[in-house]
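Welcome, and thanks for opening the viewer. Keep the selection tool at hand, and we will walk from stop to stop together.

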4 protein chains.
Amino acid sequence: MFEVKVQTYWADADPAGIVFFPHFFRFLEQAEEELFRAAGTDRHGLFEANGVWMPRVEAFSKFLKPVKCGSAIRIRLNPQFKGEKTIRYEYQVLDDATGDPAAEGYFTIVCVDAARFKAVPIPDSIVSVIRKYEGP
Amino acid sequence: MFEVKVQTYWADADPAGIVFFPHFFRFLEQAEEELFRAAGTDRHGLFEANGVWMPRVEAFSKFLKPVKCGSAIRIRLNPQFKGEKTIRYEYQVLDDATGDPAAEGYFTIVCVDAARFKAVPIPDSIVSVIRKYEGP
Amino acid sequence: MFEVKVQTYWADADPAGIVFFPHFFRFLEQAEEELFRAAGTDRHGLFEANGVWMPRVEAFSKFLKPVKCGSAIRIRLNPQFKGEKTIRYEYQVLDDATGDPAAEGYFTIVCVDAARFKAVPIPDSIVSVIRKYEGP
Amino acid sequence: MFEVKVQTYWADADPAGIVFFPHFFRFLEQAEEELFRAAGTDRHGLFEANGVWMPRVEAFSKFLKPVKCGSAIRIRLNPQFKGEKTIRYEYQVLDDATGDPAAEGYFTIVCVDAARFKAVPIPDSIVSVIRKYEGP
């Protein structure tokens with residue numbers, strides 16, 4: 001499990017004064033990038049070094065409670081390997097001030113070669129990062 | 001069913017040269033706004049007139065095929081009422097140039113009063129708009 | 001001069017209920033892409049065919065009047081060549097419903113080769129597009 | 001002067017692999033919010049308590065050097081009062097890894113009452129925050 005605090009900003013809130021829901025998916029990708037950084041490496045650098053991208057092929061979210069403009073959230077990621085080309089991340093989003101669950105769900109990533117977008121095995125240098133945070 | 005063409009732009013694409021996935025959720029909300037416009041009204045105006053917001057409580061997407069930078073897409077929305085407070089939209093996203101399915105899924109909306117974010121029945125003026133495009 | 005109507009959406013508005021200002025710069029780039037489309041071509045395709053990018057090196061805007069959530073705007077672009085590597089676009093943004101000026105300013109673009117980001121002359125196939133809409 | 005480090009993400013980069021320029025304006029607003037947080041308060045809370053918004057009326061940026069996907073930047077803000085209703089922030093953006101200047105410019109804010117968007121004096125509780133970081 002990996003956990004990171006993410007500050008939300010004015011730019012992320014909508015006319016209802018709460019975080020606009022597509023931004024949660026952006027924050028989840030941001031959390032994934034922080035997972036790599038916490039492991040002492042850099043996701044984008046590993047993509048370039050290995051000639052791969054890791055696009056999302058599925059994403060699901062329940063939005064449990066609105067997050068007010070300017071609130072901080074905590075994101076918990078639980079990655080699991082599904083075969084040698086796929087990672088599924090389950091996640092929770094908590095309101096940092098109250099600890100209340102704000103959102104939960106999962107997203108699934110497939111590793112593809114950068115030139116043709118064909119599924120390929122996840123490179124070892126990326127597998128070893130994910131292993132550190134692999135969930136139960 | 002409601003269908004609308006949405007142009008994607010440079011701003012929507014990522015370093016892999018394809019539309020960054022959270023933007024699809026933005027385009028879906030955009031399509032919903034166009035549904036109201038096609039019905040001769042204005043979603044935001046109806047929110048204000050009725051003192052409500054309609055936040056998403058659930059969203060799911062399969063991403064079937066990357067959409068290249070600068071491509072147009074077609075979005076098909078099939079709204080269905082689930083009780084008097086909830087609408088579920090099923091959707092398909094097609095690549096406009098090829099007709100290939102690019103994404104599909106659903107999102108669920110609950111009507112809330114604007115002051116307290118408590119679920120309330122969907123106002124008649126909004127129900128009548130959705131009825132025009134209600135799915136099978 | 002090139003003019004295009006741009007619809008703004010819920011996603012573009014902030015908790016004050018007006019378009020969040022960085023989105024105007026996004027809309028300007030969108031308008032530039034529509035200029036190429038109006039000329040029967042595709043900006044991104046020309047970038048790829050010529051191995052160039054055209055990053056902005058300067059941007060200025062006066063925000064004259066707030067644009068309300070869900071409003072349409074009209075963008076007028078007046079491009080001018082400044083030497084063989086640079087284009088300066090002057091622009092106006094009008095509220096489509098009222099005709100009131102909403103923003104005005106300019107942005108400056110330099111053509112660079114895609115591999116090294118070094119300034120290079122603007123390819124003829126791009127020059128000929130801009131010539132059609134050259135200001136004053 | 002106020003300085004804050006801002007991490008940029010995949011979501012902020014474009015197909016050229018660099019931060020898409022409108023995001024710099026978003027980061028500047030983010031830095032302004034962090035200035036209030038560094039002073040032990042909350043910009044949005046002060047807006048609500050005082051019934052004001054602080055929209056930008058002018059923004060200028062030179063983009064001096066592309067910022068690569070996933071880089072961190074440092075933002076320096078120098079606010080100055082221009083009369084009792086207006087603040088002008090001068091800023092520099094530095095690449096955090098190299099210290100190279102990446103962007104510089106200014107933006108100007110006017111305080112307005114939240115209901116009518118008419119210019120009003122900046123509330124004392126906001127003035128006292130800005131005073132702590134007022135520029136030379």
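Before the first selection, here is how the elements are named: helices (H or I, at least four residues) and strands (E, at least two) are DSSP runs, numbered from the N terminus. Two strands pair if DSSP finds at least two bridges between them. Bear in mind that this is a predicted model, in which local features need pLDDT of at least 70 and side-chain atom pairs count only at pLDDT 80 or more, while totals for chains, interfaces and linings use all residues. Residues are numbered from 1 along each chain as its sequence is written, chains are lettered from A and ligands numbered from 1 in the order in which they are written, and side-chain values use heavy atoms, with hydrogens and water left out.

**Stop 1: a hairpin in chain B**

Select strand 4 of chain B and strand 5 of chain B, residues 86–95. These two strands pair in the antiparallel sense over nine bridges. Look for F81(B), whose bridge partner in strand 5 of chain B is I87(B). Four residues lie between the strands of this hairpin, and G83(B) there takes a positive phi near 80°.

Now add strand 1 of chain B, residues 2–7, which pairs with strand 4 of chain B in the antiparallel sense over six bridges. One place to zoom in is K5(B), which has R74(B) as its bridge partner in strand 4 of chain B.

Is strand 4 of chain B mostly buried or exposed? Buried means under 20% relative accessible area, exposed over 50%, and partly exposed in between (1.4 Å probe, protein chains only). Seven of the ten residues in this strand, residues 72–81, are buried, so the rest of the structure largely encloses it.

**Stop 2: one residue, A72(B)**

Stay in strand 4 of chain B and pick A72(B). Its relative accessibility is 12%, so A72(B) counts as buried. Show its contacts next (contact means heavy atoms within 4.5 Å). Leaving aside residues up to four places away in sequence, A72(B) touches K5(B), V6(B), Q7(B), T8(B), L94(B), D95(B), D96(B) and A97(B). Then draw a line to S125(B): 53 residues separate it from A72(B) in sequence, and the C-alpha atoms are 31 Å apart in space.

**Stop 3: a sheet across chains A and B**

Zoom out and colour the strands of chains A and B. They include an open sheet of ten strands, in the order 1(A)-4(A)-5(A)-6(A)-3(A)-3(B)-6(B)-5(B)-4(B)-1(B), with antiparallel pairing. Strand 1 of chain A (2–7) and strand 1 of chain B stand at the edges with a single partner strand each, so one side of each has no neighbour in the sheet. On average, neighbouring strands of this sheet are turned by 20° against each other, direction ignored. For such angles, axes are lines fitted to C-alpha atoms, for helices over the stretch in contact, and the angles run from 0 to 180 degrees between N-to-C directions.

Within chain A, select strand 3 (residues 56–63) and strand 6 (residues 101–110), which pair in the antiparallel sense over seven bridges. F60(A) stands opposite Y106(A) in strand 6 of chain A. Next, pick helix 3 of chain A, residues 124–131: it lies across strand 4 and strand 5 of chain A, at about 120° to strand 4 of chain A.

**Stop 4: the sheet of chains C and D**

Move to chains C and D, where an open sheet of ten strands has the order 1(C)-4(C)-5(C)-6(C)-3(C)-3(D)-6(D)-5(D)-4(D)-1(D), with antiparallel pairing. Its edge strands are strand 1 of chain C and strand 1 of chain D, each pairing on one side only. In chain D, strand 3 and strand 6 run antiparallel and are joined by seven bridges. K62(D) has E104(D) as its bridge partner in strand 6 of chain D.

**Stop 5: where chains meet**

How many residues of chain D are in contact with chain C? There are 22, in contact with 22 residues of chain C. The area buried between them is about 2,000 Å², with carbon and sulfur atoms giving 76%. Here, buried area is the accessible area (1.4 Å probe) that two parts lose on being put together, summed over both.

Finish at chains A and C, which bury about 770 Å² between them, 77% of it on carbon and sulfur atoms. Select W10(A), P15(A) and F20(A): they supply 67% of the area that chain A buries against chain C, more than any other three residues.
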